Amino acid sequence: MIAVEETLNKKWSWWPLFPLYPYGKKKTIFRELIPDQIWSLEQIQGLYYVAVPIRMTVIKVDNGLMLINPLPPTKELINELEKLTAIHGKVKTIILPSASGLEHKIGLPALSRIFKDAEIWLCPGQWSFPINLPLDFLGIPSKRSRILFEEGTPYTNSFKWSSLGPLNLGLGRYQEISCFHYPTKTLHVTDAIVGIDSKPPEIFNFDPTPLLFHSRERGDEPLIDTIEQRKKGWKRLVLFSSFLKPGKLNIPPLKEIFNYSFKKDLRNWRSHFGIYPFLWDEDWESSLVEIMGKDTPKIQIAPVLQKLIFPRSKEVLLKWLENIKSFEDMQYLIPAHFTAPIKFTIEDCQKLIDEINSQKWDKLPEDNKFLMSLYKKLFELGIIPEEVNL
């Protein structure tokens, strides 16, 4: 009975709308980030076991709570929120700070139905594909939804709000709204800035399968759970999520892939029947030097965004960072992905600005070749427009 109840607590029935791993069964972990002020609820998401943590942040506001970056509201997640509301008051506000991040949008309709009195604030320029539908058709109640900046901003006494973008993606816009929380001196972002370290996130303790799957060299190897294998798998997941196809990764011929597949003890979904279409160079770990910190998180503009969003709009990114740098006494960064909270000061922000202005930013390391070729192809096909600014 306990096992059945635990499964039901993690159930997410709407997963077919956006079929990301772990599909219909999502584990949620609760963490207090700033005592009695800020908490996080974290799940994982991914494709083909390339799974990384995703975070909904909960902030204490006047007589209640504010949620940033909605997550699928499983029973487990709601139970944790109810513990907070019993102490700090009801959920008063839900913030969707991204115009294009579907992984941050997918939980909002269900979350808004659970917290029926919560006011919803949206990043401007919400869009859907292949048809751009009205909010109500997307399950977002328009009558209690407001647009950030166009209709003001919430809790102006406690927060300073800033916008990265908008930038024209062709199909829609890229825009991300960040906020600085004065009481805790924390900067809250969605995708633009991340901090990555070598320690596998806590949520993988509940199911390390993605780490163990990618820690192998061939498909006929068993999934062996050791600390070293978890660390190795996490490093490779970071490379995948940062570059999509890292430079040190090759795709072996189909004959070789299937030669190692369907072996005894591997004929199951967990091991993907031994189908493992990856071949890593011996020096693959050298690619981590620029993106992963060993003992402290490496703070950076998310590598995927560097090469798919900002190649022609560096000045927009710099303007946003200069605005952030003006926040006095800034101490911490809380992004929606990877490590949080991270020590982040005005000096750390200036380091990012200096890096973007350096020649290093415009170089083309081997790991970025796939992203840049993808960007070039999308541009040639006319999917990415010539005019980047809206």
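Trainee: Which element gives the largest share of the lining of the largest cavity?

Mentor: In this predicted model, that element is strand 2, residues 38-47, which supplies three residues of the lining. The full lining of the largest cavity has 13 residues. Those nearest the centre of the cavity are Leu 20, Lys 26, Gln 45, Pro 72 and Ile 106.

Trainee: What makes the space there a cavity, as opposed to a pocket?

Mentor: The test is whether a 1.4 Å probe that fits in the space can get out; in a cavity it cannot, whereas a pocket is an open set of points. The idea behind the test is that rolling a probe the size of a water molecule over the atoms shows where empty space is left. The structure holds four cavities of 30 Å³ or more. About 100 Å³ lies in the largest cavity, and about 90 Å³ in the second largest.

Trainee: How is the lining of the largest cavity divided by class?

Mentor: It has nine nonpolar, two polar and two charged residues. Among the residues nearest the centre, Lys counts as charged, Gln as polar, and Leu, Pro and Ile as nonpolar.

Trainee: Which residues line the second largest cavity, and how do they divide by class?

Mentor: The lining includes Glu 217, Arg 218, Gly 219, Pro 252, Glu 256 and Ile 257. Tyr 260, Ser 261, Gly 274, Tyr 276, Phe 278 and Leu 279 also belong to it. The division is six nonpolar, three polar and three charged. Glycine deserves care in such a count, because the rule places Gly among the polar residues.

Trainee: What is known of the largest pocket?

Mentor: The largest pocket has a volume of about 1400 Å³. Of its 36 lining residues, Glu 103, Leu 244, Val 304, Leu 305 and Leu 308 are the closest to its centre. Several elements give two or more residues to this lining: strand 2, strand 3 (50-61), helix 3 (102-105), strand 11 (193-196), helix 6 (227-243), helix 8 (303-308) and helix 12 (369-380). Helix 8 gives the largest share, four residues. By class, the pocket lining divides into 27 nonpolar, seven polar and two charged residues.

Trainee: Why does Asn 63 count as exposed?

Mentor: The cut-off for exposed is over 50% relative accessible area. Asn 63 has 70% relative accessibility, and therefore counts as exposed. Asn 63 is found in the loop between strand 3 and strand 4 (64-68). Its phi is positive, about 55°, although Asn 63 is not a glycine.

Trainee: Is Phe 149 buried, partly exposed or exposed, and why?

Mentor: Buried means under 20%, and partly exposed lies between that and the exposed range, which is over 50%. With a relative accessible area of 38%, Phe 149 is therefore partly exposed. Phe 149 also has a positive phi, near 75°, in a residue other than glycine. Its place is in the loop between strand 7 (145-147) and strand 8 (159-168).

Trainee: Why is Asn 259 assigned to the partly exposed class?

Mentor: The value for Asn 259 is 47% relative accessibility, so this residue counts as partly exposed. Asn 259 lies in helix 7, residues 254-259. The C-alpha atoms of Asn 259 and Arg 218 are separated by 10.0 Å, with their positions 41 residues apart along the chain counted as the separation. Arg 218 is one of the residues that line the second largest cavity.

Trainee: Which peptide bonds that lead to Pro 22 and Pro 341 are cis, and where do these prolines lie?

Mentor: The bond from Tyr 21 to Pro 22 is cis, with omega near 5°. Pro 22 lies in the loop between helix 1 (2-9) and strand 1 (29-34). The bond from Ala 340 to Pro 341 is also cis, with omega near -10°. Pro 341 lies in the loop between strand 15 (332-334) and strand 16 (342-343).

Trainee: How do you know whether the radius of gyration of the protein chain agrees with that of a compact globule?

Mentor: A compact globule with 390 residues would have a radius of gyration near 21 Å, and the protein chain has 21 Å, so the value agrees. The C-alpha atoms fill a box of roughly 60 × 60 × 45 Å along the principal axes. The protein chain contains twelve helices and 16 strands, and 53% of its 390 residues count as buried.

Conventions: Residues are numbered from 1 along each chain as its sequence is written. This is a predicted model: local features need pLDDT of at least 70, side-chain atom pairs count only at pLDDT 80 or more; totals for chains, interfaces and linings use all residues. Side-chain values use heavy atoms; hydrogens and water are left out. On a 1 Å grid over the protein atoms alone, a cavity is a set of points where a 1.4 Å probe fits but cannot get out, and a pocket is an open set with protein on both sides within 12 Å along at least five of seven lines; lining residues have an atom within 4 Å of a point. Grid points are joined across faces, edges and corners, and a volume is the space filled by probe spheres set on the points. The radius of gyration is taken over C-alpha atoms; the globule rule is 2.2 Å times the number of residues to the power 0.38. Buried means under 20% relative accessible area, exposed over 50%, partly exposed in between (1.4 Å probe, protein chains only).
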